[in-house]
Amino acid sequence: MERAIELAWRGWGRVHPNPLVGAVVLDAAGAVAGEGFHGEFGGPHAERVALAAAGARARGGTLVVSLEPCHHQGKQPPCTEAILAAGIARVVFALEDPNPVAMGGAEALRAAGLAVEGGLRRAEAAAQNAPFLGGYRTPERPWVALKLATSLDGRIADQLGRSRWISGEQARDFVHWLRAGVDAIGVGGATARVDDPSLTVRGAVEPRVAPLRVVFDQTGNLPTTLEVLRTARERPTCVVAGPLLSSERAEAIEAVGARLVRSSSLRQGMAELKRQGIGSIVVEGGGQLAGALLGEGLVDRYYWIQSPVWLGEGGVPAVAGLPGAELATAERWTVVERRALGADTLLVADRA
Ligand code: AOF
Ligand code: ZN
């Protein structure tokens with residue numbers, strides 16, 4: 001299963017909003033006979049790829065797969081059929097399929113006489129597919145991840161607002177990898193104005209669809225000379241503005257070819273993005289937007305890149321305006337991953 005989950009990552013950037021899935025076929029003697037992963041949205045499922053690789057050796061063998069095999073005709077035929085046709089004797093999967101259209105594979109295979117076990121490394125597989133699961137858990141809004149690169153003392157810029165670069169190259173490569181796997185990349189208006197980021201994906205993974213670039217700003221008062229607005233006709237860009245948006249600003253935003261979403265709250269803005277097809281978003285700051293999203297319970301995952309540097313007094317805090325919590329009752333997040341990225345440290349945590 002560890003191998004199946006590892007294989008599944010190869011679909012990152014290419015398969016969403018479908019799940020990342022990896023599979024390994026063991027022959028009747030327990031030796032690896034075939035491997036596969038879901039590599040392209042709408043393309044063959046991991047199970048079929050692994051079964052095809054195993055060929056006749058699958059007969060009497062075991063299929064190990066990170067997601068419960070599907071039991072429906074979608075863009076692809078049901079995997080349960082392929083499993084039966086291959087003569088597999090036993091199926092071990094990690095995560096139950098939450099998709100009401102596709103679910104039921106485990107039961108169907110059991111009914112056909114196969115030995116079926118679910119739940120092996122479930123937590124890991126669920127963490128890997130958090131954006132996919134989010135679509136069922138909170139269908140009214142996208143899965144929201146917050147990514148912040150901070151100093152040891154939790155600051156995202158020095159006293160003059162300089163943030164390039166707190167983290168090193170490996171951490172920045174990670175961010176490009178992360179961006180490739182989501183539908184949208186967001187920043188707050190202050191960050192857009194100060195940092196003028198391009199919010200593009202420039203890493204090893206070429207996303208199947210370029211993520212929508214989103215600027216959240218109450219007033220929508222953004223100079224059209226900003227990189228994201230200047231290039232809005234080349235790469236999809238959207239401004240989520242609050243009730244303070246003037247009709248003049250609205251016209252200016254639309255005139256450069258950016259989408260405009262009007263909302264009275266962040267929650268509503270997120271809901272509107274979801275209606276427009278955004279199933280997952282990584283928000284990259286700044287501190288005010290991070291604080292507002294956290295405060296409203298709109299963050300599902302936190303990617304924290306911490307760098308070995310102190311920025312001290314006057315440095316910009318990573319999270320601003322978050323209401324105080326009492327230690328005894330403060331929500332503890334679930335750590336999903338800790339990893340070194342060069343000199344920096346990545347911590348990934350999910351809201352419990
Ligand atoms: C995938 N890849 O490897 C597996 C999936 O429209 P379809 O036919 O591609 O079906 C998508 C659904 O199939 C998906 O939501 C999930 O429930 C199930 N399994 N999907 O994209 C795979 N095994
Ligand atoms: Zn399938």
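The donor residues of the zinc ion (ligand 2) follow the spacing H-x24-C-x8-C along the sequence. In this predicted model, the ion is coordinated by the ND1 atom of His 45 together with the SG atoms of Cys 70 and Cys 79, at 2.0 to 2.3 Å. His 45 sits in the loop between β2 and α2 (46–54), while Cys 70 belongs to the loop between β3 (62–67) and α3 (79–86), so this pair ties together parts of the chain that are 25 residues apart in sequence.

It is worth looking at how these two donors are placed with respect to the surface. His 45 has a relative accessible area of 18% and counts as buried, because the cut-off for that class is under 20%. Cys 70 is buried as well, with a relative accessible area of 5%.

Turning to the sheet, 5 strands are arranged in the order β2-β1-β3-β4-β5, forming an open sheet with mixed pairing. The edges are taken by β2 (32–37) and β5 (115–118); each has a single partner strand, so one side of each is left without a neighbour in the sheet. From one strand to the next, the twist averages 15°.

In general, the strands of a sheet pair through backbone hydrogen bonds, and they may do so in a parallel or an antiparallel manner. Here, strand β1 (residues 22–26) and β2 run antiparallel and are joined by 5 bridges. For a concrete pair to pick out in the structure, Val 25 has Gly 34 of β2 as its bridge partner. The strand β2 thus links the two parts of this description: β2 stands at an edge of the sheet, and the loop between β2 and α2 holds the zinc donor His 45.

Terms used. Residues are numbered from 1 along each chain as its sequence is written. Chains are lettered from A and ligands numbered from 1 in the order in which they are written. This is a predicted model: local features need pLDDT of at least 70, side-chain atom pairs count only at pLDDT 80 or more; totals for chains, interfaces and linings use all residues. Side-chain values use heavy atoms; hydrogens and water are left out. Two strands pair if DSSP finds at least two bridges between them. Helices (H or I, at least four residues) and strands (E, at least two) are DSSP runs, numbered from the N terminus. Axes are lines fitted to C-alpha atoms, for helices over the stretch in contact, and angles run from 0 to 180 degrees between N-to-C directions. Donors are N, O and S atoms within 2.8 Å of the metal (3.2 Å for Na, K and Ca); water is not among the atoms, so sites may look incomplete. Buried means under 20% relative accessible area, exposed over 50%, partly exposed in between (1.4 Å probe, protein chains only).
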